[in-house]
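Grab a coffee and work through a few short exercises with the model below. Try each task yourself before reading its solution.

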Amino acid sequence: MNTYNPNCDGSVCKSSSGEVRVLPTGGGGNLILCRACYGHEMAYRRERNRRLAGDARFDIPAWESLAVYEVDDDQYKAMRAVKVTFKSGRTLETNINGTKEDVRRYYVGESFTFGTGEGEDEYADTAVSVEFID
Ligand SMILES: [Zn+2]
């Protein structure tokens with residue numbers, strides 16, 4: 001089985017984890033590469049550069065010069081415990097499925113109706129923040 005870093009765009013990873021860095025590819029694009037795949041890409045570029053004219057040659061940036069890519073750990077999670085705070089000060093603790101971004105998008109700025117039970121007036125309240133409990 002091949003070793004594969006899920007955060008790396010390359011295909012010759014030597015480790016399934018570790019730092020990945022941003023390699024600009026021109027035209028606003030970039031590749032997110034681990035150290036091994038960066039080395040592979042630079043070897044490819046050096047090879048290509050032999051047959052390219054000076055100004056058409058690929059850059060060979062040093063690994064140290066590349067920005068470290070911050071891996072987003074916001075993954076989908078089932079039954080995520082959250083505490084939602086509303087404009088009125090009311091809070092609601094509940095469980096919801098999704099990424100943190102999904103959950104924030106679902107609640108923050110949205111209006112929810114409370115007080116559906118007997119003897120309780122219905123009223124709308126707007127969620128202002130979500131706190132992730134677990
Ligand atoms: Zn890689």
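The exercises below concern a predicted model, and they go from overall layout to core residues.

**Exercise 1.** Work out how the elements are ordered and how spread out the protein is.

*Solution.* Start by counting: there are two helices and seven strands. Read from the N terminus, their order is β-β-α-β-β-β-α-β-β. Next, take the radius of gyration, which is 24 Å, while the globule rule gives 14 Å for 134 residues; the value is well over the rule, so the protein is more spread out than a compact globule. Finally, look at the C-alpha trace, which spans about 80 × 35 × 20 Å along its principal axes.

**Exercise 2.** Find the domains and the separation of their centres.

*Solution.* The domain assignment gives domain 1 as 20-69 and domain 2 as 80-132. Taken over C-alpha atoms, the centres of domain 1 and domain 2 are 46 Å apart.

**Exercise 3.** Identify the residues of the largest nonpolar core and the elements that supply them.

*Solution.* First list the eight members: Cys8, Cys13, Val20, Leu23, Leu33, Cys34, Cys37 and Tyr38. Then match them to elements: strand S1 (20-26), strand S2 (29-34) and helix H1 (35-49) supply at least two residues each. A second, separate core has six residues, including Val82, Val84, Tyr107 and Ala127.

**Exercise 4.** List what Val20 contacts beyond its neighbours within four places in sequence.

*Solution.* Set those neighbours aside, and Val20 is in contact with Asn5, Asn7, Cys8, Ile32, Leu33, Cys34, Tyr69 and Val71. Cys8, Leu33 and Cys34 also belong to the largest core.

Terms used. Residues numbered from 1 in each chain as written. Predicted model: local features only at pLDDT ≥ 70, side-chain atom pairs only at ≥ 80, totals over all residues. Core = buried A, V, L, I, M, F, W, Y, C linked by C-beta atoms within 7 Å. Buried ≥ 20, exposed ≤ 12 C-beta atoms within 10 Å, placed from the backbone. Helix = DSSP H or I, 4+ residues; strand = E, 2+ residues; numbered from the N terminus. Contact = placed C-beta atoms within 7 Å. Domains from an automatic or database assignment. Rg over C-alpha atoms; globule rule 2.2 N^0.38 Å.
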